[in-house]
Amino acid sequence: MTILDKILATKREEIAAGMALKSESVLLDELAAQPDARPFADALKAGAPVGVIAEIKKASPSAGIIRHRFQPVEIALGYAAAGAACISVLTDEQYFGGKLATIAAVRRCTACPILRKDFIVHPWQVAESRAAGADAILLIAAALQQNELDLLLERAQQLGMAALVEVHSVAEATVALASGAEMIGINNRNLATFETRLETTEEITAALPQLRERMLVSESGIRTAEDIQRVAAAGARAVLVGEALMRAPDPGAALQKLTDVLRS
């Protein structure tokens, strides 16, 4: 069993427990009180030359605790001041130390659209994400069959949300293209070995040049402005940066250094 398999098994147990406590109809009533979702893809486009999704993440299965002094609102304010186009909030509790409630806290303090980064495999979670204040959700192609991906994309659209479809290979990227996904994220991290290679973005875009027609996001392993420029040359119009910022003494200042170089 891979770590992804283990996480998904736990997630399905969590979904069953969550649905027993709060039905989708109750979630739909709650999200009716939410303001409209902020336009996620438009914010990335406005972040030219390369939009940055700055991530709030406390831990990961491979790295353990990444940030011991974890203050999500303080981090979000720093990201917004440094020019983040969007903010990713990792909400999985058991494996990443996240909390769903962080989305609402971040939304109250910044105007940046928010991506809920979690392991979303059921339409109930899409409603849960929107009710919590998320503007977009992450959908991991490796965790979904084509029909499941299509269903979740349709549900997100119905609720006025964007969806970032994450892929790790040419085969998964082909599935994402077939689904009609407008935003596709190439994760440079190998889910089996956890090795990160920026070549992953280059190799997948070389094999599927039509990816350049979508909002293409390069994720993982991005630490410097040079890394961003490299994946941008391969066709990425945005990047998701997490661990490099979260390990910095001041995540906002670290992001500012990146954006200053990109805009100089």
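**Figure 1. Charges and overall build of the protein chain.** Count up the charged side chains and you get 27 positive and 32 negative, with the centres of the two sets 5 Å apart. Keep in mind that this is a predicted model. The protein chain has 12 helices and 10 strands. Its radius of gyration is 17 Å, close to the 18 Å that the globule rule gives for 264 residues, so the chain is as compact as a globular protein of that length. Along the principal axes, the C-alpha atoms fill a box of roughly 50 × 40 × 35 Å. About 11,200 Å² of surface is accessible, and carbon and sulfur atoms account for 52% of that. As for what's tucked away, 55% of the 264 residues count as buried. Take the contacts between residues at least 6 apart in sequence: 68% of them join residues at least 24 apart.

**Figure 2. The largest nonpolar core, with L211 picked out.** This core holds 90 residues, and the ones touching the most other members are F40, L44, I56, Y79, L139, V165 and L211. In soluble globular proteins, nonpolar side chains tend to be buried together. Zoom in on L211 and skip its neighbours within four places in sequence: what's left in contact is A173, L177, I184, I186, I204, T205 and L216.

**Figure 3. Helix α6, residues 123–132****.** How many of the residues of α6 are buried? The count is 10 of the 10, so this helix is largely enclosed by the rest of the structure. Charged and polar residues are on that buried list too, including Q125, E128, S129 and R130, alongside others such as W124 and V126. Who does the enclosing? The buried residues of α6 pack against helices α1, α2 (24–31), α5 (101–109) and α7 (146–158), plus strands β5 (114–117) and β6 (136–140). Right after α6 comes G133, with a positive phi near 110 degrees.

**Figure 4. A225 and I228 in helix α10.** Both A225 and I228 are found in this helix. An α-helix has 3.6 residues a turn, so residues three or four places apart point the same way. A225 is buried, at 5% relative accessibility, and I228 is buried as well, with a relative accessible area of 0%. Leaving out neighbours within four places in sequence, A225 is in contact with L258, V261 and L262. On that same basis, the contacts of I228 are V50, I222, V239, L258 and L262. For a sense of scale, A225 and K117 sit 108 residues apart in sequence and 23 Å apart in space, C-alpha to C-alpha. I228 and Q146 are 82 residues apart in sequence, and their C-alpha atoms are 30 Å apart.

**Figure 5. S220, in the loop between β9 and α10****.** The loop in this view runs between β9 (215–219) and α10 (225–233), and S220 has its place there. Is S220 buried or exposed? It's buried, with a relative accessible area of 14%, which puts it below the 20% cut-off. Check the backbone while you're here: phi of S220 is near 75 degrees, a positive value in a residue other than glycine.

**Figure 6. T2, in the segment before α1****.** T2 comes ahead of helix α1 (3–21). With a relative accessibility of 40%, T2 counts as partly exposed. Pair T2 with G160, 158 residues away along the chain, and the C-alpha atoms turn out to be separated by 33 Å.

Technical notes:
Residues are numbered from 1 along each chain as its sequence is written. This is a predicted model: local features need pLDDT of at least 70, side-chain atom pairs count only at pLDDT 80 or more; totals for chains, interfaces and linings use all residues. Side-chain values use heavy atoms; hydrogens and water are left out. A nonpolar core is a set of buried Ala, Val, Leu, Ile, Met, Phe, Trp, Tyr and Cys residues joined through side-chain atoms within 4.5 Å. Buried means under 20% relative accessible area, exposed over 50%, partly exposed in between (1.4 Å probe, protein chains only). Contact means heavy atoms within 4.5 Å. Helices (H or I, at least four residues) and strands (E, at least two) are DSSP runs, numbered from the N terminus. The radius of gyration is taken over C-alpha atoms; the globule rule is 2.2 Å times the number of residues to the power 0.38. Accessible areas come from the Shrake-Rupley method with a 1.4 Å probe; for residues, only the protein chains shown count as cover. Lys and Arg count as positive and Asp and Glu as negative; His and the chain ends are not counted. The place of a charge is taken as NZ of Lys, CZ of Arg, CG of Asp or CD of Glu.
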